[in-house]
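Let's get to know a new structure together through a few short exercises. Have the sequence and the 3D view ready, try each task yourself, and then follow the solution.

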Amino acid sequence: MKISFVVPTRNNARTLAACLGSLRNQTHPDVEVLVIDNSSTDTTVAIGERFADQVVQWGPERSAQRNHGTKCSTGDVVVFIDSDMVLEPHIATEIEEQFTAHPEIGALIIPERSFGEGFLASCRQLEKSLYVGDAAVESPRAFRRELIEEIGGWDENLTAAEDWDLADRTKEKTELGRVAAYIWHDEGRIQLRATFAKKRYYGRWIDQYVSMHDDSNSKFTRTALVRKPGALLRHPVLTAGLVTLKATEAAGLLLGIRDSRTSSAGSRT
Amino acid sequence: MRILVLNWRDLAHPAAGGAEVYTEQVLRRWVAAGHEVTLFAAAVAGRPAVETIDGYRVIRAGSRFTVYREARRWWDRCGRGNFDVVIDETNTVPFMAHEWVDDGTRTVALVHQTCEEIWHHNAPPVVAHLGRLALEPRWLHRLAAAPVLAVSESTRDALARFGAQDVTVVPEGYEPPALTRPVVKEERPTVVFCGRMVSYKRPWDVLRAVAIARREIPDLQLWMIGGGPLLNKLRAARPAGVEFFGRVSEGVKHDLMARAHVHVSTSVREGWGLVVTEAAALGTPTIAYDVPGLRDSTLAAGGVVVPPSPDALARWLSDLLPTWQRRPFAPVPFGGAHSWDDVATQLLSAVDEHARAA
């Protein structure tokens, strides 16, 4: 079973070498790596050419890059990886094992843990550890080729929440499985101001996502955060930091949603 | 060409390290190619102020702190008008040759690594904060006006953060040791760490990672090679499956490194991380923390970089070690670096191309 990893990039030189290096060092013998770059101006392309089987230019956004990656890839399985992720060496092997053992499963979740520099990165690490195994938050990343082609890939009209959207459409068609090995997600140095700006940008797509899915409330409540109070009580300082981080994100999202409503109201009049 | 190299240490200095080996290897090849080379360095007890080594002239004056002023004085007395190019080899503190070479001679800086986080590991807290937040940024911003040669992509990126625009990456060199007899890998799964036992190399992380990985691979053993101030404390912790060798001869070191299945490196930062290159040349792959310098040497040597935490190192160790035990890792030519002949030629053409008069 050939495994294709599709990595969309845009100026990701800081983390890309570690990401692609971890894909090249999978213990599975038949792995293909594709970098779908969107006009990077740093050394992203040079790093890509060193490690990847194909480096392709495509745009305008992540969803379109990923769909183009599916089209260019030749594997039986397509796995979507971000450039700030580092994969444990057994992931490709476990993907093959799961798909071989369970023919009814069409897509697989790969659990994530985060790392980074500084206090807020540790808070994020605590948050991600609570999500492991939570179906409402985790999205599948590894797809059988037939399945991803059948459901039409990523929605190119969504730039945020596109992973939830794909997860919802996947669940309508097939069972989800999971592997045991982890993806390590590089959060870098988390800054509240940048987090706020990013969430405000993503917030603009939330209305559109909600209008496409009726049952989307579960995505925003993140009950996992309160379902395991023990983990939070054990780390009171991290919990306080996490509350600040989540409050900043929520404020950013709300403002983003308001931005999109005022601009659409403006365009209607 | 008449070349003047400024480096605060020469190979005779008791604290000489990788940068001095680099300088020595390159300079003797330049001399052999017909160039006239002078190296200016700090005084070394018991060594003459002027000496010829391998065909190049070494001038020694000043201490760790005064060598920078002495270099300038020497330039005023004897240097001016006698050279075609000046190379400011920066080992933490630049000589700022581009500011005081005033006779139209071209200059270029050669930077092995920036210090940054290492300040906190090597200096008392007050000095470390002063150095990291005030002194080093100031030095590097001044140096940024000069053309710079860097030995790794990581160093180039670091210099770019301090405003340097004209930075060129030059290759790192390595001469693989001649092994006297073929080496057979250990029976037991074996990890090797080789480096000084000082805090910025993070030897505690190695012990922690191996302790975690031993849950998956119970007979895993770890060889710790190298002396240093932390050695006794590490020994006193009596970790299971770990053997401390202390400082050993080059021959013993190479033998141990070649017999192990995997080499690990956990430094805070390196210029290049030559020990990774060394291990790869001996047929031992590396798992290293994803930090500047180690990233360059490890990926060039076909190794793996992992998130900088003992947990991650342990996960990768327990996944990859069995694979490498079954399927041996072929020695990498020059360990992923270049032959010194290559380095000397490429460095000289980079100097010639990028050096410019102030």
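**Exercise 1. In which sense do strand β10 and β11 of chain B pair, and over how many bridges?**

Solution. Please keep in mind that this is a predicted model.
- Step 1: Find strand β10 of chain B at residues 221–225; its pairing with β11(B) is parallel and counts 4 bridges.
- Step 2: To see the register, look at B:M224, which has B:F244 of β11(B) opposite it.
- Step 3: Now widen the view to the open sheet of 6 strands in chain B, ordered β11-β10-β9-β12-β13-β14, with parallel pairing.
- Step 4: Check the ends of that order. β11 (242–246) and β14 of chain B each have a single partner strand, so one side of each has no neighbour in the sheet.
- Step 5: Ignoring direction, neighbouring strands here are turned against each other by 25 degrees on average.

**Exercise 2. Which strands of chain B does helix α10 lie across?**

Solution.
- Step 1: Locate helix α10 of chain B at residues 274–281.
- Step 2: Beneath your cursor you should meet β9 (190–194), β12 (262–265) and β13 (286–289) of chain B, the strands that α10 lies across.
- Step 3: For the direction, compare the helix with β13(B): the angle is about 165 degrees.

**Exercise 3. Chain B also has an open sheet of 8 strands: in what order do they come, and which strands are at the edges?**

Solution.
- Step 1: The order is β3-β4-β2-β1-β5-β6-β7-β8 in chain B, and the pairing is mixed.
- Step 2: β3 (50–53) and β8 (167–169) of chain B are the edge strands, each pairing on one side only.
- Step 3: From one strand to the next, the twist averages 25 degrees.
- Step 4: For a parallel pair inside the sheet, take strand β5 (residues 85–90) and strand β6 (residues 106–111) of chain B, joined by 6 bridges. In this pair, B:V86 stands opposite B:T107 of β6(B).
- Step 5: Add a helix. α6(B) packs on this sheet and touches β6, β7 (148–150) and β8 of chain B, at about 170 degrees to the direction of β8(B).

**Exercise 4. How many residues does each domain of chain B bring to the contact between them?**

Solution.
- Step 1: The domain assignment divides chain B into domain 1 (2–173 + 339–354) and domain 2 (190–336).
- Step 2: Their C-alpha centres are 30 Å apart.
- Step 3: Domain 1 of chain B brings 16 residues to the contact and domain 2 of chain B brings 14 residues.
- Step 4: On the domain 1 side, α4 (118–122) and α6 (153–161) of chain B each supply at least two residues. The largest share, 4 residues, belongs to α6(B).
- Step 5: Sorted by class, that side of domain 1 has 3 nonpolar, 9 polar and 4 charged residues.

**Exercise 5. What does chain B place against chain A?**

Solution.
- Step 1: This contact involves 14 residues from chain B and 13 residues from chain A.
- Step 2: On the chain B side, α11 (294–300), β14 (304–306) and α12 (310–326) each supply at least two residues.
- Step 3: α12(B) gives the most, with 6 residues.
- Step 4: By class, the chain B side has 8 nonpolar, 2 polar and 4 charged residues.

**Exercise 6. Why does the largest nonpolar core lie between the two domains of chain B?**

Solution.
- Step 1: This core has 142 residues, and those with the most contacts inside it include A:F5, B:I287 and B:L317.
- Step 2: α12(B) gives the most to the core, with 7 residues.
- Step 3: Domain 1 and domain 2 of chain B both give residues to the core, so it lies between them.
- Step 4: Zoom in on A:F5. Beyond its neighbours within four places in sequence, A:F5 is in contact with residues including A:L23, A:V79 and A:I81.

**Exercise 7. Is A:G59 buried, partly exposed or exposed?**

Solution.
- Step 1: Find A:G59 in the loop between β3 (54–57) and α3 (62–72) of chain A.
- Step 2: Count the other C-beta atoms within 10 Å: there are 14.
- Step 3: Buried needs 20 or more and exposed 12 or fewer, so A:G59 is partly exposed.
- Step 4: Look for partners farther along the sequence. Leaving aside neighbours within four places, A:G59 is in contact with A:N38, A:S39, A:A64 and A:Q65.

Conventions. Residues are numbered from 1 along each chain as its sequence is written. Chains are lettered from A and ligands numbered from 1 in the order in which they are written. This is a predicted model: local features need pLDDT of at least 70, side-chain atom pairs count only at pLDDT 80 or more; totals for chains, interfaces and linings use all residues. Two residues are in contact if their C-beta atoms, placed from the backbone, lie within 7 Å. Ala, Val, Leu, Ile, Met, Phe, Trp, Tyr, Cys and Pro count as nonpolar, Asp, Glu, Lys and Arg as charged, and the others, Gly among them, as polar. A nonpolar core is a set of buried Ala, Val, Leu, Ile, Met, Phe, Trp, Tyr and Cys residues joined through C-beta atoms within 7 Å. Domain bounds come from an automatic or database domain assignment. Two strands pair if DSSP finds at least two bridges between them. Axes are lines fitted to C-alpha atoms, for helices over the stretch in contact, and angles run from 0 to 180 degrees between N-to-C directions.
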